[in-house]
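Student: I am new to this structure. Could you take a close look at one part of it and walk me through what is there?

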Amino acid sequence: MKAIRTTLIIGLVAFAYVSFIEDVQEEWVVPEKYVKMKNPTDPSVDLDIGKSLYNKHCKSCHGKEGYGDGPKAADMKGDLGDFSSEEYQAQTDGELFYKTSFGKDDMPEYTKKMPDDEDRWLVVNYMRTLKE
C-alpha cells in the first residue's frame, strides 16, 4: 500500500512539473529592447499596404478578422491568438513587431519573406485595426 502511495505521489509531482515546464515554454518572452521599441511608421498612412501584406502572409492562419481561425489554423499546434482581444492589443507595437519578425514554434520568421522592417511595421499597424 505504501509503495502504491509513493508511486502515486511521484506521479503527481512529475505531472505537475511537466505541466509547469510546458507553461513556461509556452510563454513568449520578448527582449526588452523590442518591448520598448517605438513604431517608426504612421498608423494612418499606408494601412492598405499593411492589410495587403496581412492578407498575403497572415490571413491563412490568423483569419480575416484575426481570430486565429484561418484555413490553416487547424494544422497548428499552438494558440494563434485573437488579435481583437484586449490582452493582445495591450502588447506594445515593439512586442508585436518582434513576434511578427522572428516567430516561434508554428509561427514562422518573416525577416526573409518580408525583409523590409517597414513592411512588418505596417502589418502591426493593420493588426491594431482588428481590435474589438
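Tutor: What follows starts at a contact between two helices and works outward from there. Keep in mind that this is a predicted model.

Start with helix H3, residues 47-57, and helix H7, residues 117-128. Their axes come within 8 Å. They cross at roughly 95 degrees. An angle of 65 to 115 degrees counts as roughly perpendicular, so H3 and H7 are roughly perpendicular to each other.

Which residues of H3 and H7 make the contact? From H3 come Leu 47, Ile 49, Gly 50, Lys 51, Leu 53 and Tyr 54. From H7 come Asp 119, Leu 122, Val 123, Asn 125, Tyr 126 and Met 127. By type, the residues of this contact divide into eight nonpolar, two polar and two charged.

Now step to the loop between helix H2 (32-35) and H3, where Thr 41 lies. Is Thr 41 buried or exposed? Its relative accessible area is 13%. Buried means under 20%, so Thr 41 is buried. The side chain of Thr 41 has two polar contacts to look at here. One goes to the side chain of Asn 39, at 2.6 Å. Another joins Thr 41 to the side chain of Asn 125, at 2.8 Å. Asn 125 is also one of the H7 residues in the contact with H3. Set aside the neighbours of Thr 41 within four places in sequence. Thr 41 is then in contact with Glu 118, Trp 121, Leu 122 and Asn 125. Leu 122, too, is among the H7 residues that meet H3.

Asp 46 lies in that loop between H2 and H3 as well. Its phi is near 60 degrees, a positive value in a residue other than glycine. Asp 46 has 35% relative accessibility, so it counts as partly exposed.

Next, the aromatic rings. The count comes to seven aromatic pairs. One of them is Tyr 34 with Tyr 98. The ring centres are 4.9 Å apart, with 55 degrees between the planes, and the pair is tilted. Where do the two residues sit? Tyr 34 is in helix H2, and Tyr 98 is in helix H6, residues 93-102. The pair therefore ties together parts that are 64 residues apart in sequence. Tyr 34 and Tyr 98 are both buried.

Tyr 98 also pairs with Phe 102. This pair is tilted as well, at 5.1 Å centre to centre and 50 degrees between the planes. Both residues lie in helix H6, four residues apart, about one turn of the helix. Their exposure can be set side by side. Tyr 98 has 17% relative accessibility, so it counts as buried. Phe 102 has a relative accessible area of 32%, so it is partly exposed.

Ring pairs also link Tyr 54, Phe 83, Tyr 88 and Tyr 126 into a cluster. Two of these names have come up before: Tyr 54 belongs to the H3 side of the helix contact, and Tyr 126 to the H7 side.

End in the loop between H6 and H7, where Asp 105 lies. Its phi is near 55 degrees, again a positive value in a residue other than glycine. The relative accessible area of Asp 105 is 65%. Exposed means over 50%, so Asp 105 is exposed.

Definitions and conventions
Residues numbered from 1 in each chain as written. Predicted model: local features only at pLDDT ≥ 70, side-chain atom pairs only at ≥ 80, totals over all residues. Heavy atoms only, no water. Axes fitted to C-alpha atoms, helices over the stretch in contact; angles between N-to-C directions. Parallel < 35°, antiparallel > 145°, perpendicular 65-115°, else oblique. Contact = heavy atoms within 4.5 Å. Nonpolar A, V, L, I, M, F, W, Y, C, P; charged D, E, K, R; others polar. Buried < 20%, exposed > 50% of the residue type's maximum accessible area, 1.4 Å probe, protein only. Polar contact = N/O pair within 3.5 Å; in protein donor to acceptor, adjacent residues only side chain to side chain. Phe/Tyr/Trp six-rings, centres within 6.5 Å; stacked < 30°, edge-to-face > 60°.
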